[in-house]
Amino acid sequence: MISRLKGTLVANELDTLEVETQGGVVYEVEVPLTVLSHVPRLGSPIELRTLQVVREDSVALYGFIEAHEREMFRRLLTAPGVGPKLALAMLSAMSARRLARALVDKEYPVLMQISGVGRKKAEKLVLELAGKVEDLAGGAAEDGVVPAAGQEAVRALVALGIQHSEAEAAVRAAVATLPNAAADQLIRQVLAERAG
């Protein structure tokens, strides 16, 4: 199993990074949006904590900056009906600590803001995971959640060349003023703010 990956960042494409090791091997690593705000510029050294997931039809590598992020991802995968795609969406919506706090405190409305999670799924997640993630929930109060439309807006803004951390902060501000806005409305709001 590949538990850490250290090398040079050679590609950054929204939710996938490519890291070249000293031996010249390039690994493709899928990451949640929350990790992208900590990723250095292309050509810079990077070290990721990774989890390799082997399925019948694929082998994929998932990367995280902090150990608790990787552990949260691992625990999410233990819940029935949660695959890597949904686990990444959950960790893209909020930090690992904030997600753990939402599960422990049974914050269904917060969980339902995650793309692919409705009321029944939120209830199942709490039932399956609340007791398993209590130790990961510390210090989460300061983190907010980015709703599904906001996640989509962040991805689009990053694709337009805006740094992830800047795009996320701008989208959070836009969501605060337009809480039920669609992704395109949030994008227009952010671009209008940036234009001045």
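1. Let's start with the pair R74 and E71, whose side chains form a salt bridge in this predicted model. The N to O distance is 2.9 Å. Both residues belong to helix α2 and sit three residues apart, about one turn of the helix. R74 is partly exposed, with a relative accessible area of 31%.

2. The next residue along, R75, is worth a look too. Its side chain meets that of D135 in a salt bridge, at 2.5 Å from N to O. D135 lies in the loop between α6 and α7 (148-159) while R75 is in helix α2, so this pair ties together parts that are 60 residues apart in sequence. Is each partner buried or exposed? D135 is exposed, at 56% relative accessible area. R75 has 18% relative accessibility and counts as buried, because the cut-off for that label is under 20%.

3. Another salt bridge is found in helix α6, between the side chains of E123 and R119, with 2.9 Å from N to O. These two residues are four apart in the helix, which puts about one helical turn between E123 and R119. Both are partly exposed: E123 has a relative accessible area of 34%, and R119 has one of 42%. As for shared partners, salt bridges join E71, R74, R75 and D135 into one network. The count of salt bridges in the model comes to eight.

4. Back to helix α2, which spans residues 67-76. Which of its residues are buried? They are E69, R70, M72, F73, R75 and L76. The elements that cover these buried residues include the helices α1 (33-36), α3 (84-93), α4 (96-104) and α6 (119-129), along with the strands β4 (45-54) and β5 (59-64).

5. Now for the nonpolar interior. In soluble globular proteins, nonpolar side chains tend to be buried together. The largest nonpolar core here has 49 residues, and the members that touch the most others are M72, F73, L76, L99, L103 and I114. Helix α3 supplies the largest share of this core, with seven residues. To see the packing around one member, pick L76: beyond its neighbours within four places in sequence, L76 is in contact with V82, A87, M90, L91, L99, L103 and L129. Another core lies apart from this one and has twelve residues, including I162, A174, A181 and I187.

6. A backbone detail to check is K106, in the loop between α4 and α5 (108-111). What is its phi? The value is positive, about 55 degrees, although K106 is not a glycine. For background, most residues other than glycine have a negative phi.

7. Finally, the start of the chain. M1 lies in the segment before β1 (4-13) and counts as exposed, at 74% relative accessibility. Which residues does M1 contact, leaving aside its neighbours within four places in sequence? They are L51 and Q52. If you would like a distance to check on screen, the C-alpha atoms of M1 and E28 are separated by 15 Å, and the two residues are 27 apart along the chain.

Notes: Residues numbered from 1 in each chain as written. Predicted model: local features only at pLDDT ≥ 70, side-chain atom pairs only at ≥ 80, totals over all residues. Heavy atoms only, no water. Buried < 20%, exposed > 50% of the residue type's maximum accessible area, 1.4 Å probe, protein only. Contact = heavy atoms within 4.5 Å. Salt bridge = Lys/Arg side-chain N within 4 Å of Asp/Glu carboxyl O. Core = buried A, V, L, I, M, F, W, Y, C linked by side-chain atoms within 4.5 Å.
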